[in-house]
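Open the model in your viewer and switch to a cartoon view. This tour tells you what to select at each stop and what you will find there.

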Amino acid sequence: MTAAGSGFEDPSAGVLADAAAAFGLLASPARLHIVWALAQGESDVTGLAERVGGALPAVSQHLTKLKLAGLVRSRREGRRQVYFVDDPDVVDVVRLAVTRIGARAERSDLPAPRLRGL
């Protein structure tokens, strides 16, 4: 269905459900931080745990969820699993959201958006 006057087709229910699931996974600050870190470069779970300040088992569980959702992939290098974001669109969305909200928070004339409770 085309939105009135926009010329754009509305996405299917399946596409909206998939997008909502991806955003749901990224709604966790810990998982968002992990994806942000992986958007900067690949890492093993130990390096990610150190970078995001999480316990190794918790970071590993977050990575499992992100991997099952198809937002993160891994490959074996010797005894290590190396994780990376294989989808440039996910990287773009995360970078855009984090940098825009961060820039807004740094500006004294605009308050940071408060989205809780919506």
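## Stop 1: a partly exposed glutamate

Select E77. Its relative accessible area is 34%, so this residue is partly exposed. Keep in mind that you are looking at a predicted model.

Now add R80 to the selection. The side chains of E77 and R80 form a salt bridge, with N and O 3.1 Å apart. R80 is partly exposed too, at 38% relative accessibility. The two residues also meet through the strands: R80, in β3, is the bridge partner of E77.

## Stop 2: the hairpin

Show the backbone of β2 and β3. The hairpin of these two strands has two residues between them. Select G78 in this hairpin: its phi is positive, near 65°.

Follow the two strands away from the turn. β2 and β3 run antiparallel and are joined by five bridges. Select R76 to see one pairing: its bridge partner in β3 is Q81.

## Stop 3: the whole sheet

Add β1 to the view. Which strands does β1 join, and in what order does the sheet run? The sheet is open, has three strands and follows the order β1-β3-β2, with antiparallel pairing. β1 and β2 stand at the edges. Each has a single partner strand, so one side of each is left without a neighbour in the sheet.

Look at the contact between β1 and β3. Two bridges join this antiparallel pair. Select D44 and you will find V82 of β3 opposite.

## Stop 4: the charged network

Switch on side chains for E42, D44, R75, E77 and R80. Salt bridges link these five residues in a network. Across the whole structure, a search finds five salt bridges.

Zoom in on R75 and E42. Their closest N and O atoms are 2.5 Å apart, in a salt bridge. This pair ties distant parts of the chain together, with their positions 33 residues apart in the numbering: R75 lies in strand β2 (residues 73-77), while E42 lies in the loop between α2 (29-40) and β1 (43-44). Are these two residues buried, exposed or in between? R75 is partly exposed, with a relative accessible area of 32%. E42 is partly exposed as well, at 44%.

Next, select D86 and R73. Their side chains meet in a salt bridge, 2.5 Å from N to O. This is another link between distant parts of the chain: D86 sits in the loop between β3 (80-84) and α5 (88-106), and R73 sits in strand β2, 13 residues apart. D86 has a relative accessible area of 41%, which makes this residue partly exposed. R73 is partly exposed at 44%.

## Stop 5: helix α2

Hide the charged side chains and select α2. How far apart are the end C-alpha atoms of α2? They are 17 Å apart. At 1.5 Å a residue, its 12 residues should span 16 Å, so the two values agree.

Colour the buried residues of α2: R31, I34, V35, A37, L38 and A39. These buried residues pack against α1, β1, α3, α4, β3 and α5.

Stay on L38 for a moment. Leaving out residues up to four places away in sequence, L38 touches S43, L48, L63, V72, Y83, F84 and V85.

## Stop 6: the nonpolar core

Select I34, L38, V59 and L63 together. These residues have the most contacts inside the largest nonpolar core, which has 21 residues. The elements that give two or more residues to this core are α1 (13-26), α2, α3 (45-52), α4 (56-68) and α5. α2 gives the most, with five residues.

## Stop 7: step back

Zoom out to the full chain. Count five helices and three strands. Trace them along the sequence and the pattern reads α-α-β-α-α-β-β-α.

Switch to a surface view. The accessible surface of the chain comes to about 8,200 Å², and 57% of this area belongs to carbon and sulfur atoms. Of the 118 residues in the chain, 25% are buried.

One last figure concerns contacts. Taking those between residues at least 6 apart in sequence, 46% join residues at least 24 apart.

Technical notes:
Residues numbered from 1 in each chain as written. Predicted model: local features only at pLDDT ≥ 70, side-chain atom pairs only at ≥ 80, totals over all residues. Heavy atoms only, no water. Salt bridge = Lys/Arg side-chain N within 4 Å of Asp/Glu carboxyl O. Helix = DSSP H or I, 4+ residues; strand = E, 2+ residues; numbered from the N terminus. Buried < 20%, exposed > 50% of the residue type's maximum accessible area, 1.4 Å probe, protein only. Pairing = 2+ DSSP bridges. Contact = heavy atoms within 4.5 Å. Areas by Shrake-Rupley, 256 points an atom, 1.4 Å probe, with all protein chains shown as cover. Core = buried A, V, L, I, M, F, W, Y, C linked by side-chain atoms within 4.5 Å. Expected span 1.5 Å × (residues − 1).
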